[in-house]
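Biologist: I am new to this one. Show me the structure, and let me ask how each label is earned.

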Amino acid sequence: MSDDWDVPDRSFVVLGGRTAADYELDAVSLIVTERHDTAGLGLEEAAIVRMCTSPTGVVEIASRLCLPVGMAQVLISGLLDRNRVTARHPPPATAAAAQHGVALLEEVLVGLRNKL
């Protein structure tokens, strides 16, 4: 941050003063737009709209924009508020799927130990 109090912080400008996302977005939620115009959007918001012509993960958007995931979530939330994008959330994990994942990890661990 600059010592000059008249120069705003980049994150404050990028986020338009917002500090939190209005929507719960998982890092692997897919974001997609069917409306390709970028009129009235900030640079980062317009970039999100352009890159989401096909479903794109929140974490990938953050990576491409060189932003922390939290900042990307706030930007995407603002676009969701204005109906510029839609979010496709991952299905919730079931207890059976979680148990299967644990069993698979245990098998991998046993296999690795046997290799050593």
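Modeller: Keep in mind that this is a predicted model. Start with two helices: α3 and α4 are roughly perpendicular to each other.

Biologist: Why are α3 and α4 called roughly perpendicular?

Modeller: Helix α3 (residues 58-65) and helix α4 (residues 69-81) pack at an angle of about 105 degrees. Angles of 65 to 115 degrees count as roughly perpendicular, so the label fits α3 and α4. Their axes are 9 Å apart.

Biologist: Which residues of α3 and α4 meet?

Modeller: From α3 come Val58, Val59, Ile61 and Ala62. From α4 come Val69, Ala72, Gln73 and Ile76. By class, that contact has seven nonpolar residues, one polar and no charged ones.

Biologist: Now the sheet. What is the order of its strands?

Modeller: The order is β2-β1-β3, in an open sheet with antiparallel pairing.

Biologist: What makes β2 and β3 stand at the edges?

Modeller: β2 (56-57) and β3 (86-88) each have a single partner strand, so one side of each lacks a neighbour in the sheet.

Biologist: How do you know that β1 pairs with β3?

Modeller: Pairing takes at least two bridges. Three bridges join β1 (residues 30-32) to β3, so they pair. In one of them, isoleucine 31 has alanine 87 of β3 as its bridge partner.

Biologist: Why is cysteine 52 called buried, and why is cysteine 66 called exposed?

Modeller: Buried means under 20% relative accessible area. Cysteine 52 has 0%, so it is buried. Exposed means over 50%. Cysteine 66 has 66%, so it is exposed.

Biologist: How many disulfides does the structure hold?

Modeller: Zero.

Notes. Residues numbered from 1 in each chain as written. Predicted model: local features only at pLDDT ≥ 70, side-chain atom pairs only at ≥ 80, totals over all residues. Heavy atoms only, no water. Helix = DSSP H or I, 4+ residues; strand = E, 2+ residues; numbered from the N terminus. Axes fitted to C-alpha atoms, helices over the stretch in contact; angles between N-to-C directions. Parallel < 35°, antiparallel > 145°, perpendicular 65-115°, else oblique. Contact = heavy atoms within 4.5 Å. Nonpolar A, V, L, I, M, F, W, Y, C, P; charged D, E, K, R; others polar. Disulfide = S-S within 2.5 Å. Buried < 20%, exposed > 50% of the residue type's maximum accessible area, 1.4 Å probe, protein only.
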